[in-house]
Amino acid sequence: MTNLEIAEVLRHVAASYKLKDEKKNRFKIIAYERASDAVEHLSSEAKDLWDDGKLKDVAGIGESIAAHLDEIFRTGKSKHFSEVMKGLPESMFELMKVPGIGAKTAFRLSSKFKSKISASDPIGSLEKLAHKGEIAKLPGMGEDSQDAILKSIKEVKGRTIRLLLPYATQIADEIIEYLLEAKFVKSADALGSVRRKASTVGDVDIACATNYPKKAIEYFTSYPKASRVLEKGERTAGIVVAGGRQVDLMVETPDAYGALLQHFTGSKHHNIALRELAIKKGFSLSDYGIYIKKKGKKILKKIPTEEEFYKFIDMDWIPPELREDMGEIEAALNHTLPKLVDLSEIKGDLQIHSDFDIETSHDIGESTMFDLVAKANELGYEYIAFTEHNPSRGKHSDKQIIDILKRKKEKIYKLNNELRIKNKGLKRIFNSLEIDMLPSGKLPVPDEGLELLDFALVSIHSSFRQSRDEATNRVIAAMSSPKVKIFAHPTGRKLGKREGVDLNWEKILEFCKSKNKWLEINAEPMRLDLPDILVKDAVNIGIKLTLGTDAHHVNGMDNMPWGVSVARRGWAQIGDIVNTRSLEEFERMLEL
DNA sequence: GCCGTTTTCGGCCCGACTGTTTTCAGTCG
C-alpha cells in the first residue's frame, strides 16, 4: 500500500466521522486529516516505517491510528475503519475527488442518486446527471452549483500532472510582469510552492500590493491569456490559463502586505505551527496581520513586510524554501538558521554531456565541447566535467572501450592546454564519465579504462524494480570502485513519470560518510534528484553533495538554479556543496 | 485522536468565496 493510498483511507475516515456526527467528532476529524496529510508528505514509505516499528514516530500518528494501520498492513483492512465507514455509500468517496464536492455534498449526491450512480464510474454518472439537470433540482443546489460541478468534473478528467517547477515559475513570472505593468500595482510576488521552490507545483498563486484592490482584481481577471475566470472577490480572484492551470491572485494594501505574503507562501504546516506558537505568546496570526489582545479586545497590527512579521514573534526571517515545519521555526527562534547556499557560489558544473562520439547505448549530447566551454565561461565557472555515458558494452570489447576513452582523454587534454594558454575564466575541464551500474553492481568499464578518468559518476539506468536489499547492495558495490566519486541522480526518479528505486538510505548514507563518496543533486527539472528531504538527511550527517545539470545541450547548463533550489530546501550551506570550492580546493578533495 | 519549553489534561489555525440563503453551510487553501 502506497503512502497516497493510506492517506486516502485516512481522509475517508475523517469524512465518515464528519457525516456521522461532526460536532461530537470535531477534533477526531482534525486528527485524521492531519494524519492523512502527514502520511502524504512522508519522505519514506509508511510501510517501511511500519516494518521498522517507527510508525508512531510520525507527528500526527499516535497510539490509536498506528494500531489501525498496523492491522491494515497485516490483514489488508481495519475493522475499526470499516465500522466507521459502515452505512456510507462507496461511491461518495470517489465523488469527493471532484473539487468543490466535500464529504456532505458527496454523501447527499450518492444517497439521492443511489441507483443512477454506477460503482465503476461514479464521476461519469454524476456528469450525466448534471447534464440532464438533475443536480439543480436538489434542495440547496441550483443551476450555478450544477454548472460548477460540471466544470470541475471536466477539470478532474483533463487534470494534468503537477507542473514542474520551471514551468510554474514561468507562468508566475509572466503574470507578475503583466501585473507590474499596471501603475497602481506596487509589487507582485509568487506565493505558495512556487516561492518555496518545491519540485512540483499544483496551482500557481500570486500576491500583489496595491492601494486600488478593485482595480487590481479587475486588471488580473482580464489577463489576455486567461481562458476562464473562476472567481472574482474583493480580495482574491482566480483564473485558468493554458493547460487548465489555475492561477489565484491575493490582493492587499502595501501597509499589510507582509502578513499576506507570509500567509500564502505557506506551507500549510509551517503556518499551523507558527500560529500555534503565536497563541502561546498571546498573539493571533492571520493573513491580515497580527492580533494583539489589549484589555480583552483584539487589536489588529498591520505588517508591511515579512521581516517585520517574523521579528514580531521574536524570529529571524525564514527563507521560503525552508518553510515546511521541518525544524526551521525552532532554528529561527534560536537564531540558528543556516546560511543557505546561493547560485552565485557555484564554481562549476559536474555533469555535462558533450557530442563526443563515445559510442554509448544512451543519449549522446548535442553540443560540441567547444560550445559547452564557451557556455561555462559565460556562466563564470572555474571548472566543468564532461561526463558522457560509458561506451556500450554489448557492441565493444574491453580494448575498444579503452581506446574510445583514450581518445576522449586526449581531446580533453588538448582543450585544457588551450584553456591554459588563454588563461581566463574557465581553468580546467575534468575528464569524467557517467557509468551505468549493472544490476549486480559491477561497472561496464574495465579497470584500465577507469584509470584514464579524473573521476567517475555512477548511476542507475536499468533494473529499476529490484528489491530494496538488492538495489542497495548494487549501489554500494558500484560506488566502491576507487575512481567512483559521485552517485548521480541517486533515486532515479522522474517527476510525474516514475518512482525512484527503492533504496535503504540509512545504509547508503552511512557508506558515503565512511568512504567519503558524494551524492549528486541533479538539476534537470524532471529529476531534481537527490530529493530535498534526502538532501537534508545527507547534510545532517555531513555528507558532501555535488551539483550537476546533466546538460545534453548548452541550454541545459542554464538549469543550475533549480538544483540550487533543491540544495537550499535541504538546508545545504556553501560547505556542503563540493562545487562551491575553488579549483585548487576541489582538486585536493578529489585526491582524498 | 494527537500532543506537550507553562500541560499527561485540556486544548486543538484562520479566513475567503460561492451559492442559496435571509444568516449560513460547504469547501478550500
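Around DNA strand B there are 46 residues, and the ones that come nearest are G100, G102, G142, R275 and Y288. Keep in mind that this is a predicted model. Below is a quick walk through the DNA surface, then the sheets, a helix pair and a few backbone oddities.

**Where the protein meets DNA strand B**

- What part of the strand faces the protein? Sugar and phosphate make up 80% of the atoms of DNA strand B that come within 4 Å of the protein.
- The surface near DNA strand B is a mix in terms of chemistry, with 17 nonpolar, 14 polar and 15 charged residues.
- Several elements chip in at least two residues each to that surface: the helices α2 (26-40), α4 (63-75), α7, α9 (143-157) and α14 (268-280), plus the strands β5 (228-232) and β8 (283-286).
- Two side chains have an N or O atom close to a sugar or linking oxygen of DNA strand B: S145 at 2.8 Å and E231 at 3.2 Å.
- R235 makes its approach with the backbone, where a polar atom sits 3.2 Å from a phosphate oxygen of DNA strand B.

**The β8-β9-β10 strands**

- β8, which supplies residues to the DNA surface, runs antiparallel to β9 (residues 289-294), and four bridges join the two.
- How many residues does the hairpin from β8 to β9 pass through? It takes two.
- For a landmark in that pairing, look at L285, whose bridge partner in β9 is I290.
- β9 also pairs with β10 (residues 297-301), again antiparallel, this time through five bridges.
- Y291 has L300 as its bridge partner in β10.

**The mixed sheet**

- This open sheet has five strands in the order β2-β4-β7-β6-β5, and the pairing is mixed.
- Why do β2 (185-190) and β5 each have one side without a neighbour in the sheet? They stand at the edges, each with a single partner strand, so one side of each stays unpaired in the sheet.
- From one strand to the next, the twist averages 20°.
- At the β2 edge, the partner is β4 (residues 204-210): the two run antiparallel and five bridges join them.
- S187 stands opposite A209 of β4.
- At the other edge, β5 is also one of the elements that supply at least two residues of the surface near DNA strand B.

**The parallel sheet**

- A five-strand open sheet runs in the order β14-β15-β16-β17-β18, with parallel pairing.
- Its edge strands are β14 (434-436) and β18 (545-548); each has a single partner strand, so one side of each lacks a neighbour in the sheet.
- Here the twist averages 40° from one strand to the next.
- Inside the order, β16 (residues 484-487) and β17 (residues 518-522) pair in the parallel sense over two bridges.
- One spot to find on screen is F487, which has L519 in β17 as its bridge partner.
- Helix α20 (residues 468-479) packs on this sheet, where it touches β15 (456-459) and β16, and its direction makes about 145° with that of β16.

**How α1 sits against α7**

- The axes of α1 (residues 3-21) and α7 (residues 103-112) come within 9 Å and cross at roughly 75°.
- Angles of 65 to 115 degrees count as roughly perpendicular, and α1 and α7 are therefore roughly perpendicular to each other.
- Which residues meet there? A15, K18 and L19 come from α1, while A103, K104 and F107 come from α7.
- The residues of that contact divide into four nonpolar and two charged, with no polar ones.
- α7 turns up in the DNA list too, as one of the elements with at least two residues in the surface near DNA strand B.

**Backbone oddities to check**

- The peptide bond from G266 to S267 is cis, with omega near -5°.
- S267 is in the loop between α13 (257-265) and α14, and α14 is one of the elements that contribute to the DNA surface.
- Another cis peptide bond joins D529 and L530, with omega about 25°.
- L530 lies in the loop between β17 and α22 (532-541).
- K197 is not a glycine, yet its phi is positive at about 60°.
- You'll find K197 in the loop between α11 (192-196) and β3 (200-201).

Note on methods:
Residues are numbered from 1 along each chain as its sequence is written. Chains are lettered from A and ligands numbered from 1 in the order in which they are written. This is a predicted model: local features need pLDDT of at least 70, side-chain atom pairs count only at pLDDT 80 or more; totals for chains, interfaces and linings use all residues. Side-chain values use heavy atoms; hydrogens and water are left out. Axes are lines fitted to C-alpha atoms, for helices over the stretch in contact, and angles run from 0 to 180 degrees between N-to-C directions. Angles under 35 degrees count as roughly parallel, over 145 as roughly antiparallel, 65 to 115 as roughly perpendicular and the rest as oblique. Contact means heavy atoms within 4.5 Å. Ala, Val, Leu, Ile, Met, Phe, Trp, Tyr, Cys and Pro count as nonpolar, Asp, Glu, Lys and Arg as charged, and the others, Gly among them, as polar. A residue is near a molecule or strand if one of its heavy atoms lies within 4 Å of it. A polar contact is a pair of N or O atoms within 3.5 Å; within protein, one must be able to donate a hydrogen and the other to accept it, and residues adjacent in sequence count only if both atoms are side-chain atoms. Two strands pair if DSSP finds at least two bridges between them.
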